[in-house]
Amino acid sequence: MTALGAPGFPEREIRARARNGTAEVFPDPATYGTRLYGPGPAAAADGLDRARIVPPVFMPQRLEKLVDLAREPEFTDVDLGSRVGGFTTRLPLYLSAFGSTRAGSGDLAVHASRQAARLGIPMVIGENMIPVHGYRRAGDAARSALLARVEAYLDAAPEDVGGVVVQQSTEDADSEVWNLLYSDPAFRPLLETGRLAFELKTGQGAKPGLGGMTVVDRAEADLLARRFTVSDVLDPDGERRLRCATPGTFTDEILRQQLRFMRNNFPKARTWVKFHPGRDIAHAARTAWSAGADAVTVDGAEGGTGWAPGVFLDHVGLPLAECLRRIGRPAGCLLATGGMWEGGRAVRALALGATAVGLGRAALVAVDEDPEHGLERLADSMALELRLLISALGKYTVAALGPEDLWWPDHATGPTVPTQADLAADPARPFAADPARPVAADPAGATP
């Protein structure tokens, strides 16, 4: 019997991929010859999924590949390798942060860490792991949840790919999490190979503007009350308590100073920053890149593995498609999370400027289905879809994807046409999904 549920998420399809891998990319082969296949009735879940992936008729990049290979290119010729936040990866994927939640801190997270290492993709460890679960160095009788995940990753990872990213929030800073890790011999293999990063967390898609939340019992609440706000709003007369972390306070100058501090104090670690889907996401991302961030993670409102108020899950934050639209042409490595579980959605995010996409809920469901190989099979199925789709677009690297590869039936959900004034004020604004569409005239001027 499985332990996890994911209402509103394609749990059944993810579990099937975790069991059967690439076979789930296609219809049931037992029906071949007895069934006629066409588009399914599934409705798109959000703006990103409503975009159609549109191959051109003429494909000059395929011709270049043909000349290079001296044969017709195939989908197997697509190179999915990438540089993600300063790390070399085999796929344009990474394991998203789970944090200190019950689902993300136990055996499932350790199994996910080991499989992410074998896949050669980076792993992000979420906030509040040490303030909640403690920290024990090598040689101690009991190991912390954070170190258990790092050890599992290191045991399975090749030396030349992947990496470990550790978030820090306000409470983590009080516990000097980054200082602990940077000086711990257990992390030396990561530092010596350039595969350690620290991620400054400013928010998350599940609850933009709020800090982390978990459910704890009364005894644990008493222990955590010194570092966190603990409330009895869930069960005033019972055992359950709500543990709340603070979100931290940021302005553009505070962010620049924080990133400068990270680069100066931890020069051997890569510098990442994670943003919630705020309305000023474009300004925040540009600020981070200009301050030297190796990667900017944008967590769309569709994302989240942690505990959150229902009103936030349903009504707060920009969808991922709108975040990517507002950011436009990235000035650095852009990572996108939010509802990722199959290759089509990943290709859309990559075409809108993302360097890689994160697996959060999908990864936990896949590992819950098969702790040994579920995440690997899920990733294998996504990799096959990515190669098929990118090849169909006449391209052979992830970096070659662009907004011209998408068509939006509802232009309100896709990239909008910038005015001349917009472009003068911000040359990095995104262009229309259809590059043949003209730039719109200024609102006060003539109509286009």
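Guide: Buried means under 20% relative accessible area. That cut-off comes up often below. The model is predicted.

Visitor: Which residues of helix α1 are buried?

Guide: Helix α1 spans residues 11-20. Glu-11, Ile-14, Arg-15, Ala-16, Arg-17 and Ala-18 are buried there. Their cover includes α17 (361-369) and α18 (374-392). Gly-21 follows α1, with a positive phi near 65 degrees.

Visitor: What makes Gln-168 count as buried or exposed?

Guide: Its relative accessibility. The cut-off for buried is under 20%. Gln-168 has 10%, so Gln-168 is buried.

Visitor: Where does Gln-168 lie, and what is Gln-168 in contact with beyond its neighbours within four places in sequence?

Guide: Gln-168 sits in strand β6, residues 164-168. With those sequence neighbours left aside, Gln-168 touches Ala-173, Val-177, Trp-178, Glu-199, Leu-200 and Lys-201.

Visitor: How are α13 and α15 packed, in angle and axis distance?

Guide: Helix α13 covers residues 281-290, and helix α15 covers residues 320-327. They pack at about 60 degrees, with axes 8 Å apart.

Visitor: Why is α13 called oblique to α15?

Guide: Set the angle against the classes. Roughly parallel needs under 35 degrees, and roughly perpendicular runs from 65 to 115. The angle is about 60 degrees. That falls in neither class, so α13 is oblique to α15. The crossing of α13 and α15 is right-handed.

Visitor: Which residues make the contact?

Guide: From α13, Ile-281, Ala-282, Ala-285 and Trp-289. From α15, Cys-323, Arg-326 and Ile-327.

Visitor: How do the residues of the contact of α13 with α15 divide into nonpolar, polar and charged?

Guide: Six are nonpolar, none is polar and one is charged. Arg counts as charged, and Arg-326 is in the contact.

Visitor: How do you know whether Cys-323 is buried or exposed?

Guide: Compare the value with the 20% cut-off for buried. Cys-323 has a relative accessible area of 0%, so Cys-323 is buried.

Visitor: And what makes Cys-333 buried or exposed?

Guide: Cys-333 is at 13% relative accessibility, and therefore counts as buried.

Visitor: How many disulfides does the rule give?

Guide: Zero. The rule asks for a pair of cysteine sulfur atoms within 2.5 Å.

Visitor: What about the protein overall?

Guide: The protein has 19 helices and 15 strands. Of its 448 residues, 51% are buried. Take the contacts with a separation of 6 or more: 72% of them join residues 24 or more positions apart.

Definitions and conventions
Residues numbered from 1 in each chain as written. Predicted model: local features only at pLDDT ≥ 70, side-chain atom pairs only at ≥ 80, totals over all residues. Heavy atoms only, no water. Axes fitted to C-alpha atoms, helices over the stretch in contact; angles between N-to-C directions. Helix = DSSP H or I, 4+ residues; strand = E, 2+ residues; numbered from the N terminus. Parallel < 35°, antiparallel > 145°, perpendicular 65-115°, else oblique. Left-handed = near helix turned anticlockwise from the far one by under 90°. Contact = heavy atoms within 4.5 Å. Buried < 20%, exposed > 50% of the residue type's maximum accessible area, 1.4 Å probe, protein only.
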